[in-house]
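Biologist: Please show me the model. I would like to work through its sheet with you, step by step.

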Amino acid sequence: MFLNKIKLIPVDDHQIVIDGLIASLLPYDDIEIIETASNGNELFEKLPEHIPDIVILDISMPGMNGIEACKKLKKEFPDIKVIFFTGDEKQEIFFEALE
């Protein structure tokens, strides 16, 4: 049993992707999915009640996309780590995410 689990929130506009992330992380006892969200706006509705260690953000989502959500996260919750994922292969998306 782990005393300090890694608290995680996956954010994606496709429920099947969130379900897949949850299923793939279930075997890890040191990771806890504390909440999910379908876009950046929904994520910020759930914060600060649910403060994760890590947010997994899809880049392309309706409403507030992953890049906008990351910028806001870094201003309001600088200790939260961000992992991006996307199916988009455009180079400019990767460079924008790195900024």
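Modeller: A definition to begin with: two strands pair if DSSP finds at least two bridges between them. Keep in mind that this is a predicted model.

Biologist: How many bridges join strand β1 to β3?
Modeller: Strand β1 covers residues 6-11. Pairing needs at least two bridges. β1 and β3 run parallel, and the number of bridges that join them is 4.

Biologist: Which residue of β3 is the bridge partner of I9?
Modeller: β3 spans residues 54-58. Look there for the residue bridged to I9: the partner is V55.

Biologist: What about the other neighbour: which residue in β4 is the bridge partner of I56?
Modeller: Strand β4 is residues 81-85, and 5 bridges join β3 to β4. These two strands run parallel. In β4, the partner of I56 is I83.

Biologist: Is the crossover from β3 to β4 right-handed or left-handed?
Modeller: The chain leaves β3, passes through helix α3 (residues 66-76) and arrives at β4. Helix α3 lies across β3 and β4, at about 175° to β4. This β-α-β crossover is right-handed.

Biologist: In what order do the strands of the sheet stand?
Modeller: β1 is joined to β2 by 3 bridges, and these strands run parallel. L8 stands opposite I33 in β2. The open sheet has 4 strands with parallel pairing, in the order β2-β1-β3-β4.

Biologist: Which are the edge strands?
Modeller: An edge strand here pairs on one side only. Read the order again: β2-β1-β3-β4. The edge strands are β2 (31-33) and β4.

Biologist: Which residues of β3 point the opposite way to V55 and L57?
Modeller: In a regular strand the side chains alternate between the two faces of the sheet. In β3, V55 and L57 point one way. Pointing the other way are I54, I56 and D58.

Biologist: How many residues of β3 are buried?
Modeller: Buried means under 20% relative accessible area. Both sets of β3 side chains, those pointing one way and those pointing the other, belong to buried residues. The strand is mostly covered, and the count is 5 of 5.

Biologist: Why is D58 called buried?
Modeller: D58 lies in strand β3. Its contacts beyond four places in sequence are V11, D12, D13, G66, F85 and T86. The cut-off for buried is under 20%. D58 counts as buried because its relative accessible area is 7%.

Biologist: Which residue's backbone nitrogen does the side chain of D58 reach?
Modeller: Start from D58, in strand β3. Its side chain reaches a backbone nitrogen at 3.4 Å, and that nitrogen belongs to S60.

Technical notes
Residues are numbered from 1 along each chain as its sequence is written. This is a predicted model: local features need pLDDT of at least 70, side-chain atom pairs count only at pLDDT 80 or more; totals for chains, interfaces and linings use all residues. Side-chain values use heavy atoms; hydrogens and water are left out. Buried means under 20% relative accessible area, exposed over 50%, partly exposed in between (1.4 Å probe, protein chains only). A crossover is right-handed if, with the strands pointing away from the viewer, the path from the first strand over the helix to the second runs clockwise. A polar contact is a pair of N or O atoms within 3.5 Å; within protein, one must be able to donate a hydrogen and the other to accept it, and residues adjacent in sequence count only if both atoms are side-chain atoms. Contact means heavy atoms within 4.5 Å. Axes are lines fitted to C-alpha atoms, for helices over the stretch in contact, and angles run from 0 to 180 degrees between N-to-C directions.
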